[in-house]
Amino acid sequence: MAKIPRRGFLAGAGAASASAAALAASLTTKPAEAAAADAAPVETWLVLTAEEVAFFSATSDTMIPKDELSPSGSECGVPTFIDRQLASAFGAGARMYRAGPYHQGTPEQGYQLPLTPRDFFAAGVEATNAWSRKTYGKTFDRLAPEQRIQALKEMEEGKAKFQDFDAKLFFQRLLAITMEGFFSDPIYGGNRNKASWRMLGFPGLPATYADKLEQYRNKRYVAEPQSIADFS
Amino acid sequence: MATKLKEIDVAVVGMGWAGGIMARELTLAGLNVVGFERGPDRRPAEDFAMPGIRDELKYQQRLELMADNSIDTITFRNQSAQMALPIRRWGAFLPGEGVGGTGNHWGGAHWRNHPDDFRLRSYLQQRYGAKTIPDTMTIQDWPVSYDELEPFYDRFDKVCGVSGKAGNLKGRKIAGGNVFEGPRVNDYPNKPMPASEGGAVFGVAAKSLGYHPFPVPFSAASAPYKNIYGVAMGACQECGFCTRTACEASAKASSVTTIMPALRQEPKFELRTRTFVSKLLYDKTAKRVTGVLYTDLKTGQEYEQPANIVVLSAFVFSNTHMMLYSGIGEPYDHATGKGLVGKNYCYQFEAPAAAFFPNKELNPYMGSPGGGVVIDDFNNASFDHTGLGFFGGGYFAASSGGSPPMNGRSVPEGTPAWGSDWKRETVKWYYHSVHFNTQGSVYAHRDNYMDMDPTYRDALGRPLLRLTYNGTDNDHAMSRYMLTKLEGIIKAMGPARYEMRPRPKNFTIVPYQSTHNAGGTIMGSDPGNGVVNRYLQSWDAHNLFIMGASTFPQQHGYNPTGTLGALALWSADKIKNTYMKNPGPLVHA
């Protein structure tokens, strides 16, 4: 696929992703501003497919909707975070015991699949979209906002039955990596502009409070959040 | 074929807390010591430096400092009728790796056991009658007393620069300290850390109910400190990133911050990192070990390292596994109850609570674990158990602080986990929550044990260790009682809302609960009830000394590291003063 269809795919999906928003903005703004928007770096992906980008944009915007408290999940870079994590040693299953034989086990025995995080999320996106097509006639990213909420709730509560994948387990891990992307230090590609830290009132670094603990006892400490990059 | 090396005086297997202590004490006594460590070296100035150390994703989520499950893990099941399956990624507990071991990322709660804990079975029999102890409860007395260990508890305080307030100095009770503790010869080396606001409010409420609150003893220096090995420690910066992370200020005690700086200058010490000791070489006839077999992970080469003394100081699981795999001692047989290696596995039975105070500004990211305020009124020996139907107990702790955004967000039960309502509630409560914990004991049970797994293997082809564990009726009853008592104090604090979070019926390997594992190579007064004797010397090999919580006969209602360190110093003292002059069994069976 060429560059335009990918963007078109996202816009058509209604995903409130950064690139889709930029495209929409370019259609309604003056030529000079449009040129500036075009000059903004195009989002590039290490491992995620177009379908996965659309999916994670849609899920992160549903889990972290844009409101008065923060921009949306995709505006905060959650899909970028997921892409980089899945391309990292973590995504490839580093430091994970992966030898067989494989058994389902009890919930108390924890994760027992041979899949690396990268494969787990790929399989989960496929399974969710297959179920979404069957249930709603469309892939998840093309659902209306209310339908997305309903679909995620069904997965969360274990009501959604995927053909060959554990919908509830997938939901839990999707929620976990989405929240990691929202709250982690911006060096990993998420939490752009420290949006979640601003939302919470978390000051980030340097986090040396020995001189502030008493001064701010039962009094809110307010500081412009600073990240690892700000100290590097 | 392993290459045989020249004999050394001492091989230390595992360079965490106990390994560091033994290496320091035995080199001071004139022995040549080689420290084997499976993981990398950890040098605070490079590895724990700002700003990278303030990375919640790397340390708290991706578990940078923890043991590599792809090389070696354990299998787990709740009961022996089930098939055990491998822990593919750590969850409930987090054994560390690299020099410093689990001590790099602990929270620094530095406790002593109560004197009566050391004589647990005798104490319960005398107070409540022998018939009240269930047959399945395989608890036993420690073959060492509090009074014997006190000088070594004291010495370990001075290794770590512990900050706290004594409540019992030579029998004199001191208000504001722990009035239930055993007599201490000296106060803590450093003043307690300031209480977090949540802890302070808990203290006031607890006192109003007649309990005895005090600052949690914290293994970090509240002011710059020079320890007994001449190592300088910085003052705690209240950064809020303590647990699961290492300390950039070298204020939190670990072997890396309190011992290694001295050992690195010691010509009698050699550190061999990225070496995987796979087996202890055992001469059963001579009742001694001849050395260790190890693989150098940097070359793939296998070596036999003969040693005059072997110190086994890995984590609880690796210690037990090494004994089973090396064929030293009799493995515990669950069917018959016979055998000792792997017996009396005990976890720590923690149960938490949370309370919400909309009118308080608690700056949740500030502060160290040392800001906790605790009471010890409900530990084993602190209260009467008559008619309660359980034994044991634990301390209660309360704190606000140390809550970074990924792991420290607390919202009331019933709050959605995502979406706009989730966001609103998260923001609403982030500055206003206090967290609590009950540090419950685990009393050994015949059904909870470790043995060799029949199916799964590690990277070197050895069978994995298999853990069989579930919470017992006794420990569940204890934990419910603890939460009831804690709830009374929380109510007195006047929160807008609160919730008690009881433990699930079955122990589960996810999510994180506590890294306090114990047992497997327990201490006993004779070869019939212990893998090691009172000096941590193997009953089956007189030149083998086993360190750490694997030697605890059961888990008490306190964090294990304080006792672990004191025991290592006590053992080292006996090796220096007796064993080196006359090698042989230090206790005669």
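1. Asn191(A) sits in the loop between α8 and α9 of chain A, and in this predicted model the residue has a positive phi of about 50° although it is not a glycine. Its surroundings deserve a look as well: Asn191(A) counts as buried because 29 C-beta neighbours lie inside 10 Å, where 20 or more are needed for that class.

2. The two helices that flank this loop come up again where the chains meet. On the side of chain A that touches chain B, the elements that give two or more residues are α8 (167-183) and α9 (195-200) of chain A. The contact as a whole takes 53 residues from chain A and 55 residues from chain B. By class, the side of chain A that touches chain B divides into 30 nonpolar, 12 polar and 11 charged residues.

3. A reader who follows chain A past these helices reaches a further point to check. Pro206(A) lies in the segment after α9 of chain A, and the peptide bond that joins Leu205(A) to Pro206(A) is cis, with omega about 5°.

4. How is chain A divided into domains? The assignment gives domain 1, which covers 47-200, and domain 2, which covers 203-232. Between the C-alpha centres of domain 1 of chain A and domain 2 of chain A there are 31 Å. The contact between these domains takes 6 residues from domain 1 of chain A and 5 residues from domain 2 of chain A. On the side of domain 1 of chain A that touches domain 2 of chain A, there are 3 nonpolar and 3 charged residues, with no polar ones.

5. In chain B, a good place to begin is strand β3 (residues 33-37), which is mostly covered, since 5 of its 5 residues are buried. Val33(B), Gly35(B) and Glu37(B) point one way from β3(B), whereas Val34(B) and Phe36(B) point the other way, and all of them are buried. Glu37(B) is thus to be read as one of the buried residues of this strand.

6. Which strands pair with β3(B) in the parallel sense? One of them is strand β2 (residues 8-13) of chain B, which pairs with β3(B) over 4 bridges, and here Val10(B) stands opposite Val33(B). From β2(B) the chain crosses through helix α1 (residues 17-28) of chain B to β3(B), and this β-α-β crossover is right-handed. Strand β11 (residues 269-273) of chain B also pairs with β3(B) in the parallel sense, over 5 bridges, and in β11(B) the residue opposite Val33(B) is Phe269(B).

7. Chain B has a cis peptide bond to note, which joins Val510(B) and Pro511(B) with omega about -5°. Pro511(B) is found in the loop between β22 (497-500) and β23 (518-520) of chain B.

8. After β23 there is a further backbone feature in chain B, for Leu536(B) lies in the loop between β23 and β24 (544-546) of that chain. Phi of Leu536(B) is near 70°, a positive value in a residue other than glycine. Is Leu536(B) buried or exposed? With 31 other C-beta atoms within 10 Å, Leu536(B) is buried, because 20 or more such atoms place a residue in that class.

Terms used
Residues are numbered from 1 along each chain as its sequence is written. Chains are lettered from A and ligands numbered from 1 in the order in which they are written. This is a predicted model: local features need pLDDT of at least 70, side-chain atom pairs count only at pLDDT 80 or more; totals for chains, interfaces and linings use all residues. Two residues are in contact if their C-beta atoms, placed from the backbone, lie within 7 Å. Ala, Val, Leu, Ile, Met, Phe, Trp, Tyr, Cys and Pro count as nonpolar, Asp, Glu, Lys and Arg as charged, and the others, Gly among them, as polar. A residue is buried if 20 or more other C-beta atoms lie within 10 Å of its own, exposed if 12 or fewer, and partly exposed in between; C-beta atoms are placed from the backbone. Domain bounds come from an automatic or database domain assignment. Two strands pair if DSSP finds at least two bridges between them. A crossover is right-handed if, with the strands pointing away from the viewer, the path from the first strand over the helix to the second runs clockwise.
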